[in-house]
Amino acid sequence: MSTPAATYDLGKLHGGLRLPAEKTVSTSIEIQQVPIPDQLALPIQQHVGEPAQPVVGVGEHVLKGQLVAESYGTLSAPIHASSSGKIVAIEPWPVSRRFGENAPCIIIECDGDDRAIEPSEELAPYNTFEPNVLLDRIRQGGIVGLGGAVFPTGQKLMQAATMPLEFLILNGVECEPYISCDDLLMREQAAEVLGGAQILMHALQLPTCYVVIESDKPEAISAIGEAMGELGDERFVLKQVPTIYPSGGEDQLVQLVTNREVPSGGLPTDVGCVVHNVGTAAAVYRWICDGEPLISRVTTVTGPGVRSPMNVMARIGTTIADVVSLAGGYNEGASQLIVGGPMCGKSVTTDRVPVVKATNCVLVLTELPAQSVPQPCIRCGECATVCPIQLLPQQLYWHACADNESKLRWYGLTDCIECGCCDLVCPSNIPLTAEFRNAKARIQEFEDEKARAERARLRFESRNERLEQEQARREQQLREQKDAALKAGPSAIDEILKRKDSGDDEGGD
Amino acid sequence: MQFERREAPFISPTTNVASMMRQVIYALIPAALAYVWYFGAGFIFNLVIASFFCLLGEAVMLRLRGRPVEETLLDYSALVTAVLLAFAMPALTPWWVTATAALFGMVVAKHLYGGLGYNLFNPAMAGYVMALVAFPMHMNLWTAPRMGDIDYHFMTIAETARYTMTGTLPDYLSFDAISRATPLDFVKAGLNDMQTFEELRAYPVMGDFGGRGWEWIGNFTAIGGGWLLLRKIIRWQIPFGVLAGLLVPSGLAYFLFPGVHPSPGFHLFTGGTILCAFFIATDPVSAATSTRGRLIYGFGIGFLIYAIREWGSYADGVAFAVLLMNIAVPAIDYLTKPHIVGHAGNSDGPVP
């Protein structure tokens with residue numbers, strides 16, 4: 001892999017890296033349509049929150065766009081069939097997730113007709129809807145953040161609607177190397193992107209929308225600029241930002257564009273901004289204006305391990321194998337398959353993994369850089385120089401090794417966005433991000449354990465309290481009986497005893 | 001198809017410790033050549049002896065501590081210590097003095113603290129100070145630079161080798177004939193003798209701006225330092241801090257009380273100032289790590305160099321200044337933790 005030329009000075013964002021873009025290989029041809037595959041695997045969880053609940057049974061025939069799993073709980077998103085066909089199974093299937101290799105999927109055997117379901121509701125211009133009605137409609141479209149975070153868009157908007165807001169920020173900053181799906185989407189579907197932004201602005205009653213694009217995407221900038229000119233909508237402002245990783249992170253983008261820091265543990269809405277990916281905006285447009293839920297997305301298929309890198313429009317549930325074969329198949333020596341980009345992606349072991357709502361990139365790498373042994377940290381501080389959060393990774397690493405939870409918190413472990421910049425500049429080859437990920441998981445485990453212990457303690461205490469009350473009540477009862485008997489005097493006691501004796505006689509044989 | 005599993009990021013780092021250390025050594029080549037030109041072959045003997053004992057000390061300690069020996073030796077960190085030590089020692093030093101310094105630096109200052117990355121003190125400076133305290137006579141014997149006084153005797157390679165191996169001079173030479181006060185010693189003694197700095201400046205030993213020979217070693221060291229800055233092997237904060245910490249007080253003293261204080265230019269180009277600013281204070285392991293912390297750390301070293309030169313009994317104070325600030329590093333790091341993005345202010349309470 002080529003060397004990242006490390007230059008790290010930029011406007012309002014601390015640190016960051018200039019990485020080799022590696023994007024031109026996949027941007028030379030327009031977005032290609034992946035043919036209808038034989039089979040689709042739709043994971044019931046493709047979003048942050050609770051998994052969706054299947055509403056179809058095995059053997060049932062479904063149409064394209066039909067609801068197959070409905071959202072469940074307060075944070076969830078529905079799933080729709082991305083082509084017509086028969087449900088053949090609902091079973092575990094390999095997926096790309098951080099923990100666990102398999103997850104329940106609805107498997108559809110496509111009939112090839114690709115017959116779409118009739119929209120359940122009459123389509124109408126978006127501005128005829130009340131904002132809250134629009135919010136509810138967006139929630140039903142199964143739309144999630146397509147930048148990779150896959151937070152259900154409906155819930156994000158509903159939360160945002162409760163806050164005082166100033167800007168909608170449309171995120172066209174695709175800062176990870178290799179990925180170019182948003183670039184191509186903006187080039188080819190600028191009108192949809194802006195149309196979606198108008199819907200979002202109407203839903204949140206926002207006066208301004210910043211469309212932010214990195215300076216290394218001149219075609220996308222001119223396409224969006226042209227579309228803005230045609231729309232003549234004064235609310236749009238096009239902003240260019242320098243090409244520096246990781247300026248496309250939600251909080252980083254807010255900081256870059258507005259110079260406001262999103263508070264730790266908070267959301268951009270805390271500083272008056274709501275950020276949506278350009279792909280999400282286009283998906284909102286297609287759902288509200290065309291009635292098509294989120295059943296397909298643009299994905300970059302690229303890397304030295306792919307014969308002809310390109311961007312494809314793939315139905316959600318299409319396996320990576322099908323997508324790669326459209327891109328000419330694997331090159332000799334393809335050895336690593338990554339879902340996502342080279343900085344934050346996740347490696348998967350099989351290409352049976354389906355393209356899901358989060359899949360912005362399928363990256364195939366060939367040559368494996370020798371996994372060199374980490375050497376001791378020499379405290380050079382380069383990691384701190386590039387950290388966009390201004391953490392001190394070398395201190396965090398030290399305390400992560402010692403498993404010192406309170407120090408880790410003090411040094412801001414929970415604020416780490418796992419962008420991977422520190423790994424790239426570490427002369428000692430320390431896998432810092434992986435260490436931090438593990439340390440976070442350990443802290444989470446510790447927290448969960450603490451919460452469990454707390455619940456158990458409460459339960460135990462309330463049981464003790466109950467038992468004590470019971471005991472006190474019984475003692476009270478006994479005392480009352482005794483008092484009553486004493487009050488009645490000795491004759492009464494005799495009478496009771498007598499009655500007891502005679503009772504015994506009666507009971508005898 | 002099956003694939004391997006790895007953890008993100010999938011791009012490998014392009015730097016490594018060994019290449020950083022190698023570049024530090026390369027950056028010192030011009031200064032080393034200047035050193036040999038002005039002070040003779042003794043520097044090369046010192047360098048060889050220091051390298052041998054540094055590597056030996058490192059290897060033995062790694063072995064005893066059950067760490068990989070070969071890979072660690074190849075990180076060049078022991079060699080950097082040896083090179084810095086060779087620069088710090090007088091050109092004419094018996095081998096056992098250099099060996100003591102090298103072994104103390106490696107064994108005590110580096111490995112007893114946990115090896116590379118864990119040492120609190122700069123190993124080269126710790127070794128140097130150890131030798132300075134243990135062998136004051138040898139450590140204060142400086143030869144005259146080439147083109148010095150009219151009656152100087154520039155030692156031949158054979159004479160230098162003999163002294164290095166045995167600690168004795170040939171019968172026809174005396175210490176008085178070959179040794180000279182360094183410019184720092186000379187100025188200190190002269191000012192104590194109620195001469196003004198302007199008067200002292202007229203002596204040939206003072207050279208053009210920082211002492212004959214020394215000023216050119218300083219210049220070549222600065223070139224190497226500049227190259228390291230360009231390569232981003234070191235960052236500007238520590239060199240800037242050291243120079244500011246030395247030049248600000250010496251400049252004030254020079255301009256406020258003319259005549260009785262050396263000029264800031266003299267402070268800058270003489271002794272170990274530039275070597276310290278770019279190569280010694282910038283040792284990452286024993287330096288502060290945050291941006292502000294590095295400025296403070298550098299400034300502290302610069303100021304201590306000034307204080308020792310001005311008020312101390314030693315002519316130069318680089319090694320003591322560095323070691324004293326090494327002690328302060330944990331406190332500096334704690335007090336200069338940068339503001340974490342998303343947290344109001346920097347008041348996250350005391351460290352738990």
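1. Start with strand 13 of chain A, in this predicted model. Both of its faces are covered. On one side A:Ser296, A:Val298, A:Thr300 and A:Thr302 are buried. On the other side A:Arg297, A:Thr299 and A:Val301 are buried. In a regular strand the side chains alternate between the two faces of the sheet. Seven of the seven residues of strand 13 of chain A are buried, so the strand is largely enclosed by the rest of the structure.

2. Now look at the partners of strand 13 of chain A. Strand 14 of chain A runs antiparallel to strand 13 and is joined to it by six bridges. Strand 17 of chain A runs parallel to strand 13, with three bridges between them. A:Thr300 is a handy residue to find on screen. It stands opposite A:Asn311 in strand 14 of chain A, and also opposite A:Cys361 in strand 17 of chain A.

3. Step back to the whole sheet. It is open, has six strands and follows the order 1-14-13-17-15-16 in chain A. The pairing is mixed. Which strands form the edges? They are strand 1 (32-33) and strand 16 of chain A, each pairing on one side only. Strands 15 and 16 of chain A pair in the antiparallel sense over three bridges. There, A:Ile338 faces A:Ser347 of strand 16 of chain A as its opposite residue.

4. A helix crosses this sheet. Helix 4 (residues 181-188) of chain A lies across strands 13 (296-302), 14 (310-315) and 17 (361-365) of chain A. It runs at about 125 degrees to strand 13 of chain A.

5. Chain A also holds an open sheet of three strands, in the order 3-5-6, with antiparallel pairing. Strand 3 (53-54) and strand 6 (79-80) of chain A are at its edges; each has a single partner strand, so one side of each is left without a neighbour in the sheet. Strand 5 (residues 67-70) of chain A is joined to strand 6 of chain A by two bridges. A:Leu67 stands opposite A:His80 of strand 6 of chain A.

6. Next, the contact between the chains. How many residues does each chain bring? Chain A gives 55 residues and chain B gives 36 residues. On the side of chain A that touches chain B, strand 15 (336-339), strand 16 (346-348), helix 12 (405-410), helix 13 (421-425) and helix 14 (432-488) of chain A each supply at least two residues. The residues of that side of chain A are 28 nonpolar, 20 polar and seven charged.

7. Move to chain B and helix 13 (residues 214-230). This helix of chain B has 17 residues and spans 24 Å from its first C-alpha to its last, close to the 24 Å expected at 1.5 Å a residue. Its buried residues include B:Trp214, B:Trp216, B:Phe220 and B:Leu228. Among the elements that cover the buried residues of helix 13 of chain B are helix 1 (17-27), helix 2 (29-39) and helix 16 (273-280) of chain B. After helix 13 of chain B comes B:Lys232, with a positive phi near 60 degrees.

8. Helix 16 of chain B deserves its own check. Eight of the eight residues of helix 16 of chain B are buried, so the helix is largely enclosed by the rest of the structure. They run from B:Thr273 to B:Ile280 and include B:Phe278 and B:Phe279.

9. Take one residue in chain B. Is B:Ala78 buried or exposed? B:Ala78 is buried, with 29 other C-beta atoms within 10 Å. It lies in helix 5 (residues 77-88) of chain B. Leaving aside neighbours within four places in sequence, the contacts of B:Ala78 are B:Cys54, B:Leu55, B:Glu58, B:Leu73 and B:Met106.

10. Check the backbone too. Most residues other than glycine have a negative phi, and most peptide bonds are trans. A:Gln390 is not a glycine, yet its phi is positive, about 65 degrees. A:Gln390 counts as buried, with 20 C-beta neighbours inside 10 Å. A:Glu418 has a positive phi of about 55 degrees, and A:Glu418 is partly exposed. A cis peptide bond joins A:Tyr245 and A:Pro246. Another cis bond runs from B:Ala8 to B:Pro9.

11. Last, confidence. The model scores ipTM 0.85 and pTM 0.83. Chain B has a mean pLDDT of 89. Within chain B, confidence is lowest in helix 10 (residues 175-178), at a mean of 78, and highest in helix 6 (residues 95-111), at 96.

Methods
Residues are numbered from 1 along each chain as its sequence is written. Chains are lettered from A and ligands numbered from 1 in the order in which they are written. This is a predicted model: local features need pLDDT of at least 70, side-chain atom pairs count only at pLDDT 80 or more; totals for chains, interfaces and linings use all residues. Two residues are in contact if their C-beta atoms, placed from the backbone, lie within 7 Å. Helices (H or I, at least four residues) and strands (E, at least two) are DSSP runs, numbered from the N terminus. Ala, Val, Leu, Ile, Met, Phe, Trp, Tyr, Cys and Pro count as nonpolar, Asp, Glu, Lys and Arg as charged, and the others, Gly among them, as polar. Two strands pair if DSSP finds at least two bridges between them. Axes are lines fitted to C-alpha atoms, for helices over the stretch in contact, and angles run from 0 to 180 degrees between N-to-C directions. The expected span of a helix is 1.5 Å times one less than its number of residues. A residue is buried if 20 or more other C-beta atoms lie within 10 Å of its own, exposed if 12 or fewer, and partly exposed in between; C-beta atoms are placed from the backbone. pLDDT is the predictor's confidence in each residue, from 0 to 100.
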